Structure formats: C-alpha cells, structure tokens
Amino acid sequence: MSIYIDPEVAASLRGYEVPERLGFGTAMAPIMFRAVYQDGCWSQGELIPYAPLSIDPAAKVLHYAQSCFEGMKAYRTQAGGIALFRPEKNAERMAFSAKRLCMPPVPESLFLDAVRTVASYCANLVPGNSGESLYLRPFLIGTQADLTVSASSSYEFYVIASPSEAYHSGSMRLWVEREDARAAVGGTGDAKVGGNYAASLLSVGRLKERGYDQSLWLNPSDRNSVDELSGMNFFAVIEGTLHTPALTGSILEGITRYSLLELAESLGYQVVEESIPVDRLLSQIASGSCTEAFACGTAAIISPISVIGDAEHCYELQQAPGPVAEALRQALLDIQEGRAEDRFGWMQAVEPASF
Ligand SMILES: *Cc1c(COP(=O)(O)O)cnc(C)c1O
C-alpha cells in the first residue's frame, strides 16, 4: 500500500532548520507518519507535518496504558548515504509488545514502510558526525474513547524522528535496587511498553539523590539475579569472558544486546548467557575477577559502568570504559556508520526522497 504524502510536508521540511545544539531526543523533525486502525483494518499510512495529537480525554491509552513503542536510528554512512540498523527486528519486537497489551500488531510491511519513509524524507536532517543519528520513535496507542476496562477498538500508529547527538551518558554509577521491581513475573518486562518506564522512575529519582545514575534491576522472582537497567541491557567481563543475563521473561531483549553477542563471538570473545547472581557479581568486582561492566541499548550503544553501589558498599570497576566495551562499541559503530564491511547484513540503505 502506498503512503499518502501530505502536500505540506515539503514546505515543513524546507522551512526547518536543524538546531545547532541537538541534544538527544529533544529536537523533533517537522514531519511524522500516521496510520489508523479501525474496524479491524489499517488505513493507508500518511506522512504529515509534525503537530500535537488530537485525542479524546477518555481514550484508553490515557487511562489503561495501552501503549508500546520502539527506538531505532537512521545513520549517516561514511559514503554519505542513510542506513537503518536491523529495522525488521524493531518491527518484530513492536508486534510482540502490541500483542502483550492486546493491541493489533502493526504489520511488518507497514512498520518498515513507515520508518523508511520518515528516514527518506528526513535524509537531510541526519547529522553526520560519528555517534550522531536520526533517532526514530515508532509508537502505537489505543484511542477508543470509553472508560470501560477492555482493549481499545481503535488505534493510531505514529513514527516521529529526532536528529540527535551522540548519547553521552559518560560512565554510569549503578545502584542495586533491592526494594522495587520494574517488572513482575508474568508481567510486561519483556515488552517495550511505557508502563515499565513509569514503574522505574521513582527508584531512579531516589538513587540520584544518593549520587547514582541508574538502577540495576534484579529478577522479580528471585530478587537476586541481575536483570537489566531501566532501558538498557547489562554485560560484565569476568575473567576475560563476556557475560550477560539469560532472558528471564522480565528482561527486554535488546537488539543491541543480541547484536553484540553475535559480534563478540565473531571477534573471538567467549560469550556466556546465564543467570548472574548479584552478590557473586559484587564479590567478583571486589576481588578483581570482574574487570568491566557496561550497559547497552540503541541510544548510547554502550555505556561503561564505573561503580555499583549496594547498601553500605560501593564496588568500583577497574576500568570504565574497559577494553572489551571499547572494542565492541567501535566494531558496532563501524558497521552502523559504514566504515566496516556489513558482514552480518544488518544495514538497510534508504534512498533520500526528492521533494
Ligand atoms: C529498549 C530497551 C532496551 C534496549 O533495547 P535496544 O533494542 O538494544 O535498544 C533494554 N532494556 C529496556 C527495558 C528497553 O526498553
């Protein structure tokens, strides 16, 4: 199905100036994609000027949180082109998240057309310094206006875009969260839904007062093994081997996570995916057998962890960033930005639109 291009789109793009200081996810591209689901069918997708949504105050999303999203990037490659990183994985994950919240999955072809069209019309807005990108945010919301607790009968799917700087979190100080949980057993921890983030904010607010940056969430069933951060997956290098928690049902399966696992193996690292009891991890940091730890996700790719704090003790990692984190970050970015051969077939070129 072809996408309707609103005649105002060209003028919106021509009149737009990319701000000098980009930040991450704060400058919004002047256009967006929309498709509507009603009576069991998806409408034709439309590319329209960026504007506030008009939504009924009784819309289910506002009360019962029928909302899921994705985060992905369009990169400027060394050759000057534009490319997306594994967009079909985002399509697949968004379908999974939608089903978990009883929402109709956005068909893969509609999802891919949407992100490709936005990236293609925004080609001139994709910044070109290494680490910069056009961050794409697809999201799906339930819009039926009625306060009964049931799945919405109508939905809207949008893609907005943000020309963004490299996401520099610097090295992070984590706090082991032993009270709250971001996800429940059998809950929505493995789906990319806004509610998981809302559940994480209080913990992060509390630890910021103590001088930490992010919560390290434990598995909600054993309250002992490491799950992940609020929006990034967790890795540690223990005696030279790369460890990450096996998926438990409460961990969001990051596309960066499994891309790094594949990449690390191809670079000759030993990779282990199994449960990481937090007390063992902390003693391995104290003894020096755990030499580095880092978090990964689309925004920052890899963020080194300098400290993990717990109750009275604060465990310092020897190196942040360490050599493994640096090697993996560079290898992944080299593929994404077209400096290295795309030997896994991860990148999809996008032709800039003419308008
Ligand atoms: C999005 C997200 C990640 C990282 O996923 P990527 O696909 O690598 O960006 C990790 N954890 C949570 C909770 C997330 O929402």
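No salt bridges turn up across the interface of domain 1 and domain 2, a salt bridge being a side-chain nitrogen of Lys or Arg within 4 Å of a carboxyl oxygen of Asp or Glu. The model here is a predicted one, in which local features need pLDDT of at least 70 and side-chain atom pairs count only at pLDDT 80 or more, while totals for chains, interfaces and linings use all residues. Residues are numbered from 1 along each chain as its sequence is written, and side-chain values use heavy atoms, leaving out hydrogens and water.

Polar contacts are another story: eight residue pairs make one across this interface, both partners at pLDDT 80 or more. Such a contact is a pair of N or O atoms within 3.5 Å; within protein, one must be able to donate a hydrogen and the other to accept it, and residues adjacent in sequence count only if both atoms are side-chain atoms.

On the domain 1 side, the elements giving two or more residues are strand E5 (67-69), strand E6 (72-76) and helix H3 (87-100); these are DSSP runs numbered from the N terminus, with helices (H or I) of at least four residues and strands (E) of at least two. H3 supplies the largest share, six residues.

As for area, about 1,500 Å² is buried between the two domains, with carbon and sulfur atoms giving 61%. Buried area here is the accessible area (1.4 Å probe) that two parts lose on being put together, summed over both. Within domain 1, Phe69, Arg93 and Arg100 lose the most to domain 2, together 37% of what that side buries.
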